[in-house]
Each structure stands twice: as C-alpha cells, then as structure tokens.
Amino acid sequence: MTAATHGDREGKWAWRLTGFMTICVYIFMFAPIVATVVLSFNSSMFGGFPMTGFSLQWYAKLLQNEQVLQAFRTSLWIALVTAGVTTIIGVITAYALTRFEFNGKQILGTLVILPALVPETILGVGLLVMIKAVDQPRTLWILILGHILLAVPYVVLVAQARLVGIRRVYEEAALSLGASRAATFREVILPLLLPAVVAGALLAFTISFDNTSASLFWRPAGVETMPTQILSMLKISISPEINALGTVMILVTVGIPLLGGLLLQGLTRLRRRGNSTEVEQ
Amino acid sequence: MPDTAVSPVITSRSESTGTSQANAGTGYERPAVEFRNIDIAYGKFVAVRDFSLAIPRGSFVTLLGPSGCGKTTILRSIAGLVDISRGQISIGGRRVDDIPIYKRNIGLVFQSYALFPHKSVFDNVAFGLKYRNVPKPEITRRVGKALEMVRLPGSEKKLPSQLSGGQQQRIALARAIVFEPEVLLLDEPLSALDANMREEMRVEIKKIQKETGITAIFVTHDQEEALSMSDQIVVMNAGMMEQIGTPEEVYETPRTSFVADFLGKANLLAGSVTASDGQNATVALKAGQRVSVVSPRPLSTGTDITIVLRPQKVQVGAGIENRLSGRVISASYLGGNVIYEIDIGEQTVIRANSQLVGKMIPEGEAIEIGFDPAGCVLLDETGSRVS
C-alpha cells in the first residue's frame, strides 16, 4: 500500500517534470516565430522589445515595396512550377520503384533520395559548375531545375510510402476487367494515391518557397526570391519591415500545407460520414 | 501425367492464331481453357512442370493442393499475371501467350475481394463493361441484373467499406461475371470468410456458375470445398498434377499415396503380398496381421504394397471381415460419430470414423475393428494405384 502511494507520488513528479521539459522545448522552438510575428505589429522604428504600440504600418510599407512584391511573385511562381513538375516526376518514379522489377532498381532508388542527403551548398556549387561546363547562362529555369532537384526525393518518399500500402490486387483486378495499364493507373492507382500526391505537392511547394542557401547560388543576377530578398534587406538594417515579411513567409509556408491537410481531412471525413449511414442487411 | 479427361484437342493452326474469338461462344468441342505442356519458373525455381489440361466449356474445375503446389500459379498464368516459360495456353481456342491480361476476357475473383475502395458498388461492377464500350443504359441494366444474381439488388450506391466480407465477395463475383467472360477464375475466394458464410457462398457460387453456364476454375486447399463444388478435381503436388477426376473418383480411388493422404487423411497400411489370385490378395501387414483385399490384378508374392483405407470404411465391432484388434489411444466424440485412433501394434495407428452405436469405447480400452476387402485401394511400391 505504502509502496504504491510512493510509486504514485514518484509518477506524479515524473509527469510534472516531463510536462515542464515539454513546455521548455516548445518555448525554445516557437519563441523566435512568435517574436517575429509579434514584433511585426510593433509601431517602433526599431525591431526589438519593448513594444511601443500596435501598428500595421510595416505591412503597408511592404505592399509599397516593389522589390519585395517582385520577390514574392518570383518565389510564388517558382514554387508553383516546382510543385507541379516535382509531383509528376516523383509519383511516376515512386510507381516505377514500387511496382516494377528492373536492373539497377536499388541503385536508382538510392540515387533519387541522394539530393536530400547531400548538403545543399554542395548541390548549389555542383549545379553551377555543371552549367558552366556545358556553357549555359544562369537563368530562372536553372533555379527552378535546382528546386526540382531538391524537392524530388521528398515527393518520391511520400508517394512510395503510400504506394506500398496500396495492394497489388486492385491493379490486377482492374487489368483483368479490361483496363489497360494507363487506364488502371488513372482509375485505380491515382485516386488511391491522391493523399500522397497532395502531400507531395505541398511539401515541394514549401521546400521551394523557403529555400535559401541553394537559391543564393542559382539565382540569375538581379533576381531575388523571398528568402534572398530578406537576406539582402538584413544586410542593410534590422527593420521591422523584415518582421512583417517574415510573418508573411510563415503564413505561406505553414498555412498552405495546413490548409491542404485540412482539406484532405475534410474530404475523407465527408466520405466516412457517408459510410456511417450504412444499414446492415 | 495426363489422365482420362485430357483428350488431345485437334486445333488447326489457322484457328489457333487468335482470330476465332467471334465463334468462340459457339464452339462446341473446343475446350474453354487448354494448357499444353506448360512450365512456369520463377528464376531457377520451377513452380509448375509439364502441366497439360483441357477444361471443357461450362464445367467447374478445381485445382486442389497444399500451399506452394503451383495451383495459384496456374490460375494466374491463365489471367496473364505470370508468364509461362514453356508450352502454350489457349482460352476458347485462342492462344493467349502474347495477349496482355486486359485483352484476355477473363473474370477474376480474389481471396481478398479487391473491390476498388474508392468506387461505389455500381462503379465496381460496371468497370468491366465500361472498358467493353457497352452503352450506358445497357450498363445500368446489366449491373442491376448481376446484383440481383448475387442477391444484393439495390446496393449500387454503397461503398465496399459499408458491406460485410461475404457481401463484398458477392459484389466481386458480380463484377467478374457481368461482362460474360470466357472463363471465371476463382483464387481461394472463400478463404477470407468465416465458416458459416463460407458454406453459404460455396452454394451460391456453384448455383451462379450453373445458371450462367460459365466455365469456372477454382483454386483451393480445402478438400471439402473441392469435393462439394467441382465437376472435376485436379489434385496438385509440387508443381505436378497428381490426379484428375470427378470428386468421387479422386476420393474413392486415389491414384497416388499423396492424393489418398491429402483428401480425407486416409490410413496408409504397409504390408507385403503373401498370396494372390485374380481377384483377391492376402496381405501381411507390417503390424503382423493378415488381411485380405480385393485386387484388380494378380500380384506376385512378396510384393510390397500399401493399403489405402478411409477412416469412414473402418468398421468397429464384431462380425466383420479383416478383423484387427488394437487399443484406443484417442476417441473424439462428434455427436453421432466418433473418431478413434487405434494402435494395432508396431506403431501402426488407424483412424476410424464410425457411427456411434451404443457406448463410446474409452481411451486405453481394447477395440475390434475391420474393413470390407473391397473398401480399400492398393498402391504399389512406387506409390501409384494398382489397376
């Protein structure tokens, strides 16, 4: 009895300690983000605490800053193209890797994942050296190509994980019923793979949108993406405008995947609700 | 080792090249599916060796055997899901070696149902018709008819996840037969169902097959399913055909010791011939007893022989032929029937499944058993039937 109470007390303290540690970790993780967001509404000229008042002036200023707007448009455009192309390449690659047997499959599987493991700086320099070697100019397309290179591994991994869970009998059933391989992919695999396709696209978008180090190497002269724009602004001063810009970045990179996730969840819930009206015969 | 049912089918070259699909429906003597000396190998492992079989139109043929015997591989080779390494397969007289699965016109039912989870029952069943360019109103009509046939009318709008296992398998069956395929392939379709549902589905499948007159090839490891449903049973072992015949033939007159053992766990009693005339032989069992059996041909004295004796043919009690005495080592009461395991000496154990008359004989007690000389089958030294 006493031993049990003793154990209970010990357990309680252990839980308290765990809770305290958890809170500390979360503060450490999110304090910078919260600070950026809060300070973006500060009316003071200097980007720091204490706050002097609430103001939206820095956002207003952003909207007038043609350079920032241009960078935002560039980043958005690059991220959209990257997401589109990467998803197509990634899903097809994942399909080939999970469903077909061919020579060098293992090697290909490893090579596809490699860009995610190699330091970005190395990739940045590597791509530059390569386009130099084939004597190509640094254009926006090179930048997009680079982003695709960076994002493909993640899309492949996400799609592969889902494909492994889709049983082969579905394909065999569709084929036996008369659907060609292409029709089977379109009618059976793709719908079942949809969550992974959406997740992959969102992931690729985010990876492209907030990529900094590799973009620094690849961007053509005079072109700024959002992260590089922030970096160049930081060189001049720590203006509260940067906080506002940072908040916009956070909104885009966190908000879009979140929105996509919610959308998917809503869709599956709708379907499940349809199921719960079942009547056993 | 092709048996009686495999009659060489004469097909002229021009007919077998694939142009004959139109008259396939009316071809009378042409088998629905025919294997000619096929081998199937996975790398170095040969799963099926020199398999030949002609399956008559409209029949229900079961491939029966333990797991790994190649039965599923053969079924999948008809569908085109595995490649054959030698020989040829014809469906309705048309060689299908180079025809991809989606052009073979076969209905496939899987153990795991494999209904498309994101499609409604209607879309699932209509799938095959859609790829055969059937007009929309006709699709609706035929899907309705197929659902009626599997006794799930009006379930068009449901999703597979809303149905029980048995219902899903019925929908899968409807999906496989709605476009009137050349042959219906059933890959252990009852194995995922619980016992009650299995029995019901067994009757259902057989009924639908009769009604539609479709050729069905059924794969199972369950001898009860095979015996109760089939017109012909092909017993498989280690990639080879052991025996083909009607359920009765295969059960009553097993051709090999494997068949005898696999179907119904027969008693295999080893012994040697001590005397033999044209019809009867006296056999000295390894356990010491002498029994007389009916032999289809004279046997030379001293030949080693195995007597195949079904547990149901073992009689318990007095006043019977071939009397053997032993001791009960286990007795299981099945209500009306008892299964005894009887030690008759020299580590020979006989299983007897007998109708319970009076009291059950408890474990450890002495027991008298016997069997009719005509109620058994003889196998020679090589394990094949004496005939």
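Which residues does A:Tyr154 touch, not counting residues up to four places away in sequence? In this predicted model, the partners are A:Ala116, A:Leu203, A:Ala204 and A:Ile207. A:Tyr154 itself belongs to helix H6 of chain A, which covers residues 140-165. A:Tyr154 is buried, because 20 other C-beta atoms lie within 10 Å and the cut-off is 20 or more. A:Thr110 stands 44 residues away from A:Tyr154 along the chain. The C-alpha atoms of that pair are 13 Å apart.

Three of the partners of A:Tyr154, namely A:Leu203, A:Ala204 and A:Ile207, fall in helix H8 of chain A, residues 181-209. Helix H8(A) also meets helix H7(A), residues 168-176. Two packed helices are described by the angle between their axes and the distance between the axes. For H7(A) and H8(A), the axes come within 10 Å and cross at roughly 140 degrees. H7(A) is therefore oblique to H8(A). The crossing is right-handed. On the H7(A) side, the contact involves A:Tyr170, A:Glu171, A:Ala174 and A:Leu175. H8(A) contributes A:Thr184, A:Glu187, A:Val188 and A:Ile189. Sorted by class, this contact holds five nonpolar, one polar and two charged residues.

Chain B comprises eight helices and 20 strands. Its C-alpha atoms occupy a box of roughly 75 × 50 × 40 Å along the principal axes. The chain has 387 residues, and 44% of them are buried. Contacts in chain B with a separation of 6 or more were also examined. Of these, 66% join residues 24 or more positions apart.

Helix H4 of chain B runs over residues 165-177. At 1.5 Å a residue, its 13 residues should span 18 Å. The end C-alpha atoms are 19 Å apart, which agrees. Twelve of the 13 residues are buried, so H4(B) is largely enclosed by the rest of the structure. The buried set begins with B:Gly166, B:Gln167, B:Gln168, B:Gln169, B:Arg170 and B:Ile171. It continues with B:Ala172, B:Leu173, B:Ala174, B:Arg175, B:Ala176 and B:Ile177. Both arginines, B:Arg170 and B:Arg175, are thus listed among the buried residues of H4(B). The cover over these residues includes two strands of chain B, S6 (106-109) and S7 (183-187). It also includes helices H2 (121-130), H3 (136-149) and H5 (195-212) of chain B.

One of these covering helices, H5(B), has an axis that comes within 11 Å of the axis of H4(B). The two axes cross at roughly 15 degrees. An angle under 35 degrees counts as roughly parallel, so H4(B) is roughly parallel to H5(B). H4(B) passes H5(B) in a right-handed crossing. H4(B) brings B:Gly165, B:Gly166, B:Gln169, B:Leu173 and B:Ile177 to the contact. H5(B) brings B:Met197, B:Met201, B:Ile205, B:Ile208 and B:Thr212. Six of the residues in this contact are nonpolar, four are polar and none is charged.

Helix H2(B) is another part of the cover over H4(B). Seven of the ten residues of H2(B) are buried, so this helix too is largely enclosed by the rest of the structure. They are B:Val121, B:Asn124, B:Val125, B:Ala126, B:Phe127, B:Gly128 and B:Leu129. These buried residues pack against H3 and H4 of chain B.

H2(B) also takes part in the interface between the chains. The contact draws 18 residues from chain B and 16 residues from chain A. S6 and H2 of chain B each supply at least two residues of the side that touches chain A. On that side of chain B, twelve residues are nonpolar, five are polar and one is charged.

A further buried position of chain B is B:Val308, in strand S14, residues 304-309. B:Val308 counts as buried because 23 other C-beta atoms lie within 10 Å, against a cut-off of 20 or more. Neighbours within four places in sequence aside, B:Val308 is in contact with B:Pro254, B:Ala260, B:Ala266 and B:Leu268, among others. The list also includes B:Cys376, B:Val377 and B:Leu379. B:Tyr131 lies 177 residues from B:Val308 along the chain. The C-alpha atoms of B:Val308 and B:Tyr131 are separated by 52 Å.

Methods:
Residues numbered from 1 in each chain as written. Chains lettered and ligands numbered in written order. Predicted model: local features only at pLDDT ≥ 70, side-chain atom pairs only at ≥ 80, totals over all residues. Axes fitted to C-alpha atoms, helices over the stretch in contact; angles between N-to-C directions. Helix = DSSP H or I, 4+ residues; strand = E, 2+ residues; numbered from the N terminus. Parallel < 35°, antiparallel > 145°, perpendicular 65-115°, else oblique. Left-handed = near helix turned anticlockwise from the far one by under 90°. Contact = placed C-beta atoms within 7 Å. Nonpolar A, V, L, I, M, F, W, Y, C, P; charged D, E, K, R; others polar. Expected span 1.5 Å × (residues − 1).
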